[in-house]
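Grab a pencil and work through a few exercises with the structure open beside you. Try each task before you read its solution.

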Amino acid sequence: MMALLFAVTIYAGEEEITLNTPTGDIHGRLMLPDSETPCPVVIIIAGSGPTDMNGNSIGAQMTNNSLLYLARELAANGIASVRYDKRGIGSSAAAATAEQDIRFEHYINDAALWADKLGGDARFNSVIIAGHSEGSLIGMVAAQQSKAVKGYISIAGCGSPAYEILERQLKSQPERIQQESAAICKELREGRTVEKVPFYLSSLYRASVQPYLISWFRYDPAVEIAKLDIPVLILQGDRDLQVGVEEAKKLQAAREDAAFYIIKDMNHVMKQCVTDDMKEQLKIYNDPDLPLKPELVTHIVEFVK
């Protein structure tokens, strides 16, 4: 692993942390509880797309502060946390390489490096990784790479590999489009790029993103979670319209000794929700004042402690 250097500025219970890498800086926040004794620290990994360290979607201009609230709740319960903008996102935008050069392993390695560094910090007595949505898969592989990680938490994580998720998302499309997509995925799964992609599938399979998809498709969450030799907690909301309960059950089936909870009336952004209507859910996605579902915090705190 590459040599790293941390730059730290302390303010109001948080440390602004910068992870220096050869391809640019990755910025995050270390939130500390009011404690003078060593405490656990949780690394919070955000989901896919332009989701920042606070759980907000930059591209879609959605603000819910879900991961910021999680950090605050952990601190209130005597647990430190690190959350960070993944490379290419928000304050870490400069750390992104060209699209054709990015690989899923970049995100995995970054998370593992955070864990290694925090594991050597005397302020912490254990390191736990918590991955939300796509961050779940990133976290479970990173936890295999870093000996510092003593526990792993999946929140709204998929149990199916990415290519299967893509296939399901295209079920509403004409059969011809489904077949063309399946053929492209087959080539990518076998490590081969596809030169000719129909224009109506170019947003998914453009040439510059194919190397990333090849790297991503290698990982099956059910296989990866079974490799972990540390305690595991799996959390899933029953009102999650992005990741269904069946995905969490696949993870549980692969890791039968994991602590496992389906949280009633919790949606994908970990907040109270009593409807499956997407228009109504979007209001919650864009409400930064709503707190997290209390049961989520309870399960995480119990697991970490």
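The exercises below go from the whole chain down to single pairs of residues, and the model they use is a predicted one.

**Exercise 1: The whole chain**

Task: Work out whether the chain is as compact as a globular protein of its length, using its radius of gyration.

Solution:
- Start with the parts list: the chain has 11 helices and 9 strands.
- Next, take the radius of gyration, which is 19 Å, and put it beside the 19 Å that the globule rule gives for 305 residues. The two values are close, so the chain is as compact as a globular protein of that length.
- For a feel of the dimensions, the C-alpha trace spans about 60 × 45 × 35 Å along its principal axes.
- Now look at what is covered up: buried residues make up 52% of the 305 residues.
- What about the outside? The accessible surface comes to about 13800 Å², and carbon and sulfur atoms own 51% of that.
- Finally, check who touches whom. Among contacts with a separation of 6 or more, 69% are between residues 24 or more positions apart.

**Exercise 2: Inside the largest core**

Task: Find which residues have the most contacts inside the largest nonpolar core, and which helix gives the most to it.

Solution:
- The largest nonpolar core has 58 residues, and I43, F104 and F217 have the most contacts inside it.
- Helix α2, residues 104–119, gives the most to this core, with 8 residues.
- Zoom in on I43. Leaving out residues up to four places away in sequence, its contacts include A111, W114, A115 and L118. I43 also touches V82, Y84 and the run V127, I128, I129 and A130.
- There's another core apart from this one: it has 27 residues, among them A75, I263, M270 and I300.

**Exercise 3: A strand and its neighbours**

Task: Decide whether strand β4 is enclosed or not, and find which strands pair with it.

Solution:
- Count the buried residues in β4 (residues 39–45), where a residue is buried if its relative accessible area is under 20%. You get 7 of 7, so β4 is largely enclosed by the rest of the structure.
- One partner is β6 (residues 124–132), which pairs with β4 in the parallel sense over 7 bridges. Here the bridge partner of I43 is I129.
- Another partner is β5 (residues 80–84), parallel to β4 again, over 4 bridges. In this pairing V41 stands opposite A80.

**Exercise 4: Salt bridges**

Task: Take the pairs E134 with K86 and E99 with R206, and say what parts of the chain each one brings together.

Solution:
- A quick reminder of the idea: side chains of opposite charge can pair when their charged atoms come close.
- In total, the chain has 17 salt bridges.
- In one of them, the side chains of E134 and K86 meet at 3.5 Å, N to O. E134 lies in helix α3 (residues 134–145) and K86 in the loop between β5 and α2, so the pair ties together parts that are 48 residues apart in sequence. Both E134 and K86 are buried.
- In the other, E99 and R206 have their closest N and O atoms 2.7 Å apart. This pair links E99, in the loop between β5 and α2, with R206, in the loop between α6 and α7, and the two are 107 residues apart.
- Are E99 and R206 buried, or partly exposed? E99 has 33% relative accessibility, so it counts as partly exposed. R206, at 34%, counts as partly exposed too.
- Salt bridges can also join up: K186, E187, E190 and R192 are linked in a network. Within it, E187 and R192 meet at 2.8 Å, N to O.

**Exercise 5: Helix α11 and the loop before it**

Task: List the buried residues of helix α11 and find what they pack against.

Solution:
- In α11 (residues 294–304), the buried residues are L296, V297, H299, I300, V301 and V304. You've met I300 already, as part of the 27-residue core.
- These buried residues pack against one helix, α1, and against strands β4, β6, β7, β8 and β9.
- Step back into the loop between α10 and α11, where you'll find P291. P291 touches Y69 and K271, not counting residues up to four places away in sequence.
- As a last check, compare P291 with N125: they are 166 residues apart in sequence and 28 Å apart in space, C-alpha to C-alpha.

Key
Residues are numbered from 1 along each chain as its sequence is written. This is a predicted model: local features need pLDDT of at least 70, side-chain atom pairs count only at pLDDT 80 or more; totals for chains, interfaces and linings use all residues. Side-chain values use heavy atoms; hydrogens and water are left out. A nonpolar core is a set of buried Ala, Val, Leu, Ile, Met, Phe, Trp, Tyr and Cys residues joined through side-chain atoms within 4.5 Å. Buried means under 20% relative accessible area, exposed over 50%, partly exposed in between (1.4 Å probe, protein chains only). Contact means heavy atoms within 4.5 Å. Two strands pair if DSSP finds at least two bridges between them. A salt bridge is a side-chain nitrogen of Lys or Arg within 4 Å of a carboxyl oxygen of Asp or Glu. The radius of gyration is taken over C-alpha atoms; the globule rule is 2.2 Å times the number of residues to the power 0.38. Accessible areas come from the Shrake-Rupley method with a 1.4 Å probe; for residues, only the protein chains shown count as cover.
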